[in-house]
Structure formats: C-alpha cells, structure tokens
Amino acid sequence: MDSKDDRDKEWSTSLPYALCHFSTSGGAVAVATAFTHPLDVVKVRLQMQLLGQRGPLVGMGETFGRIIKVEGVRGLYLGLVPALTRSTLYGGLRLGLYQPCKYLSDLMVGSTNIFVKIASGAFSGALATALTNPMEVLKVRLQMNSRRGLTGEIHKIISEEGFRALWKGVGPAMTRAGALTASQLVTYDESKQALLKWTHLEEGFHLHLISSFVAGTVGTLVTAPVDMLKTRLMLQQDSRGPRIYRNVFHCAYQVVLTEGAGALYKGGFATFARIGPQTTITFLVCEKLRKLAGMNAM
C-alpha cells in the first residue's frame with residue numbers, strides 16, 4: 001500500500017488527481033458490469049423463484065437457457081443502460097471514497113487499522129447506493145422483462161407508485177453495498193499486504209489477480225442474503241393493495257418462514273458467478289487505469 005508521504009502528496013494535488021481517482025474507479029466498475037450483466041439478469045430471475053412458496057428451484061443453467069429461448073440474447077441485457085449509468089456513478093463513489101476515508105481517519109486518529117478500513121468501506125458503499133438507488137430499481141424492474149423500456153418504466157413507477165418508489169429497497173441496498181464494499185476492499189487491501197509480506201509476489205498482475213479473487217469470494221458470502229432481500233423489496237409493487245413485505249426484517253422473516261432459510265441464498269451461485277468475475281475485472285482494470293494515469297496502486 002502507499003506510504004503516508006505518498007498519500008500526503010497525492011491528496012494535496014488538487015482537482016485533477018481527484019478526477020482521475022474517481023473516474024478510474026467508475027470506469028473500472030462500468031467495464032466489469034458490461035461483462036457480467038447477463039449473470040446479473042439470471043441472478044435476479046433466480047431470486048424471484050417460488051415467491052412465498054417452497055419447492056424445487058430451477059438452476060442457473062436452465063434459467064439461462066429459458067431466457068435465451070423465450071426472449072433471445074437481448075433478454076440477457078435487459079436493464080443494461082441503467083446498470084451502466086449506475087455502475088459509473090456508484091463505482092466511482094464506492095471505490096473512490098474508500099482511500100480518502102482511510103486518509104482522513106489516519107489524519108484524525110493516527111491509524112488505518114482493519115476496523116477503520118471496514119468503517120471506510122461501509123460508509124463509501126452505503127453513501128454511493130443512497131445516491132444511485134433509482135438506477136438500481138429501474139435495472140431490476142427491466143431485468144424482469146419489462147416491455148415498456150427505460151422511459152416507460154420510469155413513468156409507470158412515478159405515476160403508479162410515486163416518486164419515493166425509486167428509493168424502494170434503499171435500506172437493504174445500503175446495507176448490502178456497505179457490506180460488499182467493506183468486505184471487498186478490506187479483503188483486497190489486506191490480501192495484498194499479506195501476499196507482499198509473505199510471498200515473493202510484487203505489485204503487478206498476479207498480485208492483483210489473486211487478491212481480487214479472494215475479495216470476490218468473501219464479498220459473495222457476506223452479501224448474498226442481503227442482495228436477495230433487496231431484490232424482493234425492489235420488485236414489490238406498491239401501494240393500493242397490501243404489500244407482501246413491510247420492511248427488510250419482515251421480508252427476511254417471511255422468506256425464511258415460507259421458503260426456508262436456504263432461500264436467503266437463492267441465486268447464490270449466480271451471485272458468486274457474477275461478483276467473483278466482476279470483482280476481479282474491477283480491480284484489475286482499476287489498477288491498470290491508475291497505472292496508465294500515473295497514479296499509485298490501490
């Protein structure tokens with residue numbers, strides 16, 4: 001990781017550095033999203049299986065095949081526009097705020113221990129999601145095969161459910177993003193330090209690849225249940241009839257009661273199949289972009 005002198009120099013160099021810092025983060029997440037979006041569509045479909053029921057679940061491969069057969073290849077890219085828009089803004093903030101938060105903590109308390117890193121990651125992820133939640137709502141609605149298109153879906157949500165519906169599920173979304181960002185970035189951070197200390201690896205592709213794979217695995221295990229609850233709440237239609245789920249706790253209770261505890265990991269393999277590669281691509285691309293921009297490694 002960067003030395004304190006390096007960080008002092010970087011964060012005192014004004015707007016151009018900050019723009020590069022946030023744009024490399026957002027660009028890396030957008031690239032990763034473009035590659036893994038079909039898996040995100042499959043994950044959302046899996047998470048909405050047997051709503052409120054118990055029974056055998058359709059697997060990832062069969063769901064993938066059904067989408068291709070019924071909707072064509074385009075079905076795998078439903079919601080791509082809001083996904084890319086969100087990933088650029090969300091990724092730039094989520095990854096971009098982590099290092100400044102660590103730096104400020106170092107200035108204030110003289111430490112960047114693992115608890116400070118976890119808090120920095122959680123804050124960065126939660127704030128980024130709070131600001132970009134409407135794009136996430138639109139993305140998951142379109143991924144369930146809305147035929148209205150982006151503008152039609154926006155109009156329908158606002159006219160039928162109200163403007164606040166664009167922030168539906170923001171609580172679990174912030175929880176998920178905080179947990180994901182903390183687990184990914186802290187694991188990546190700590191893995192790099194451990195590998196640099198205990199192996200012959202040096203800063204470069206192989207170090208970044210191994211560290212990002214570990215980060216993706218930990219991130220999936222931590223966030224899969226919260227991600228499933230977030231999806232259920234975001235796809236819940238408002239407001240004239242009774243709602244199935246009143247809040248995230250009620251949602252979790254109802255899912256476990258009616259579908260079993262294992263339902264919290266519905267779509268779990270698809271989540272890993274998406275988050276694993278997405279995490280790896282994100283960190284590899286971000287490190288490369290930072291190097292091209294003349295910046296220090298993460």
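Just after helix α11, Gly294 takes a positive phi of about 75° in this model, which is a predicted one. The helix that precedes this glycine, α11, covers residues 268-292, and its 25 residues reach 35 Å from the first C-alpha to the last, close to the 36 Å expected at 1.5 Å a residue.

Helix α11 belongs to a fold whose secondary structure comes to 11 helices and 0 strands, so that, by the definition of these elements as DSSP runs numbered from the N terminus, the order along the chain reads α-α-α-α-α-α-α-α-α-α-α. The protein has 298 residues, of which 51% count as buried.

Helix α6, made up of residues 114-143, offers a contrast with the expected span: a straight helix of 30 residues would span 44 Å at 1.5 Å a residue, whereas α6 spans only 37 Å between its end C-alpha atoms. Within α6 there is a kink of about 65° at Thr132, shortly before the proline Pro134. At the start of the same helix, α6, a side-chain oxygen of Asn113 comes to within 3.0 Å of the backbone nitrogen of Phe115.

Helix α6 also takes part in salt bridges, of which the structure holds 19. One of them joins Glu136 to Arg86, with the closest N and O atoms 3.2 Å apart; the pair links distant parts of the chain, since Glu136 lies in α6 and Arg86 in helix α4 (residues 80-96), 50 residues apart. Are these two partners buried or exposed? Glu136 has a relative accessibility of 3% and therefore counts as buried, the cut-off for this class being under 20%, and Arg86, with a relative accessible area of 11%, is buried as well. Both residues are also members of a network of salt bridges that links Asp40, Lys43, Arg86, Glu136, Lys139, Arg176, Asp227 and Arg274.

A further salt bridge of α6 is formed by the side chains of Arg141 and Glu161, at 3.1 Å from N to O. Because Arg141 lies in helix α6 and Glu161 in helix α7 (residues 149-161), this pair ties together parts that are 20 residues apart in sequence. Arg141 is buried, with a relative accessible area of 5%, and Glu161 is buried too, with a relative accessible area of 10%.

Further along the chain, the side chains of Lys192 and Glu203 meet in a salt bridge of 2.8 Å, N to O. This pair links Lys192 in helix α8 (residues 170-198) with Glu203 in the loop between α8 and α9, 11 residues apart. The two partners differ in their exposure: Lys192 is buried, with a relative accessible area of 1%, whereas Glu203, at 40% relative accessibility, counts as partly exposed.

The loop that holds Glu203 lies between α8 and α9, and helix α9 comprises residues 205-235. Which residues form a nonpolar patch on the surface? They are Phe205, Leu209, Ile210, Phe213, Val214, Val218 and Val222, which together have about 560 Å² of accessible area. Val222 is found in α9 and is partly exposed, with a relative accessible area of 40%; why it can count towards the patch follows from the requirement of over 30% relative accessible area for patch residues. In general, an α-helix has 3.6 residues a turn, so residues three or four places apart point the same way.

Notes: Residues numbered from 1 in each chain as written. Predicted model: local features only at pLDDT ≥ 70, side-chain atom pairs only at ≥ 80, totals over all residues. Heavy atoms only, no water. Patch = residues over 30% accessible without salt bridge, like charges linked within 9 Å, V, L, I, M, F, W, Y side chains within 5 Å. Areas by Shrake-Rupley, 256 points an atom, 1.4 Å probe, with all protein chains shown as cover. Salt bridge = Lys/Arg side-chain N within 4 Å of Asp/Glu carboxyl O. Helix = DSSP H or I, 4+ residues; strand = E, 2+ residues; numbered from the N terminus. Buried < 20%, exposed > 50% of the residue type's maximum accessible area, 1.4 Å probe, protein only. Expected span 1.5 Å × (residues − 1). Bend = angle between axes of the 7 residues up to and from the residue. Polar contact = N/O pair within 3.5 Å; in protein donor to acceptor, adjacent residues only side chain to side chain.
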